[in-house]
Each structure stands twice: as structure tokens, then as C-alpha cells.
Amino acid sequence: PFVVLIGAQMPAILTEIAFLSNPEEEKRLKDEAYLAGVANHISGGVAQYVHSMHLAGNLRTVTK
């Protein structure tokens with residue numbers, strides 16, 4: 001378990017998208033288009049996960 005997520009009362013994800021100690025990555029974090037792309041990818045991944053859980057739930061009910 002990740003210490004930063006201990007005690008969370010809701011589903012949570014932890015993402016590492018850059019290192020501030022890396023000058024190139026720090027520069028990208030100041031770019032709105034880059035941040036929007038990161039946000040879109042994260043939300044897309046969450047949506048895909050939720051969709052896969054619905055499909056898995058449907059498979060369980062079919063096999064009962």
C-alpha cells in the first residue's frame with residue numbers, strides 16, 4: 001500500500017508523471033497542452049478500467 005493513499009475513503013489512483021529534478025520534465029509540466037494531454041490519458045485509463053469492470057461483471061452473471 002502507498003502511504004499517501006492510506007486512509008482514503010474512496011477509490012484512488014497514484015500516478016507519477018514527471019520528476020521536478022529533471023529540467024526537461026519540469027519544463028513540460030509548465031506547458032498547458034502537455035498537462036491537458038496527461039489529464040486526458042489518465043481519465044481515459046480510468047474510463048477504460050471502469051468499462052472493463054462492467055464487462056467482467058457481465059461475464060460473472062452470465063456464468064451463474
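Here is a short back-and-forth about a predicted model of one protein chain.

Me: How many helices and strands does the protein chain have?
Reply: Helix 1 covers residues 23-29, and helix 2 runs over residues 32-63. For the protein chain, the count comes to two helices and zero strands.

Me: What percentage of the residues of the protein chain count as buried?
Reply: The accessible surface of the chain comes to about 5800 Å², and carbon and sulfur atoms hold 64% of that. To count as buried, a residue has to be under 20% relative accessible area. Of the 64 residues, the share that does so is 3%.

Me: Which side chain of opposite charge is nearest to Glu25?
Reply: Glu25 sits in helix 1 and is buried, yet has no salt bridge. A salt bridge needs nitrogen and oxygen within 4 Å. The nearest opposite charge to Glu25 is 4.3 Å away, and that side chain is Arg28.

Me: Which residues does Glu25 touch, leaving out those up to four places away in sequence?
Reply: Seen from the other side, Ala18, in the segment before helix 1, is in contact with Glu25 and Leu29 once its neighbours within four places are set aside. Counted that way from Glu25, the residues touched are Ala18 and Phe19.

Me: How far apart are the C-alpha atoms of Ala18 and Arg28?
Reply: Ala18 lies in the segment before helix 1. Along the chain, Ala18 and Arg28 are ten residues apart. In space, their C-alpha atoms are separated by 8.7 Å.

Me: Which residue forms a salt bridge with Glu24?
Reply: The structure holds two salt bridges. Glu24 is partly exposed at 48% relative accessible area, and its partner lies three residues apart from it in helix 1, about one turn of the helix. The closest N and O atoms are 3.6 Å apart, and the partner is Lys27.

Me: Is Lys30 buried or exposed?
Reply: Lys30 meets Glu26 in a salt bridge, at 3.9 Å from N to O. Glu26 is partly exposed, at 33% relative accessible area. The cut-off for exposed is over 50%; Lys30 has 63% relative accessibility, so it counts as exposed.

Me: Why can Val46 be part of a nonpolar surface patch, and what is the area of that patch?
Reply: Patch residues need over 30% relative accessible area. Val46, in helix 2, clears that bar because its relative accessible area is 37%. Together with Ile13, Tyr49, Val50 and Met53, Val46 makes a nonpolar surface patch of about 460 Å².

Conventions: Residues numbered from 1 in each chain as written. Predicted model: local features only at pLDDT ≥ 70, side-chain atom pairs only at ≥ 80, totals over all residues. Heavy atoms only, no water. Patch = residues over 30% accessible without salt bridge, like charges linked within 9 Å, V, L, I, M, F, W, Y side chains within 5 Å. Areas by Shrake-Rupley, 256 points an atom, 1.4 Å probe, with all protein chains shown as cover. Helix = DSSP H or I, 4+ residues; strand = E, 2+ residues; numbered from the N terminus. Buried < 20%, exposed > 50% of the residue type's maximum accessible area, 1.4 Å probe, protein only. Lys, Arg positive; Asp, Glu negative; His and termini not counted. Contact = heavy atoms within 4.5 Å.
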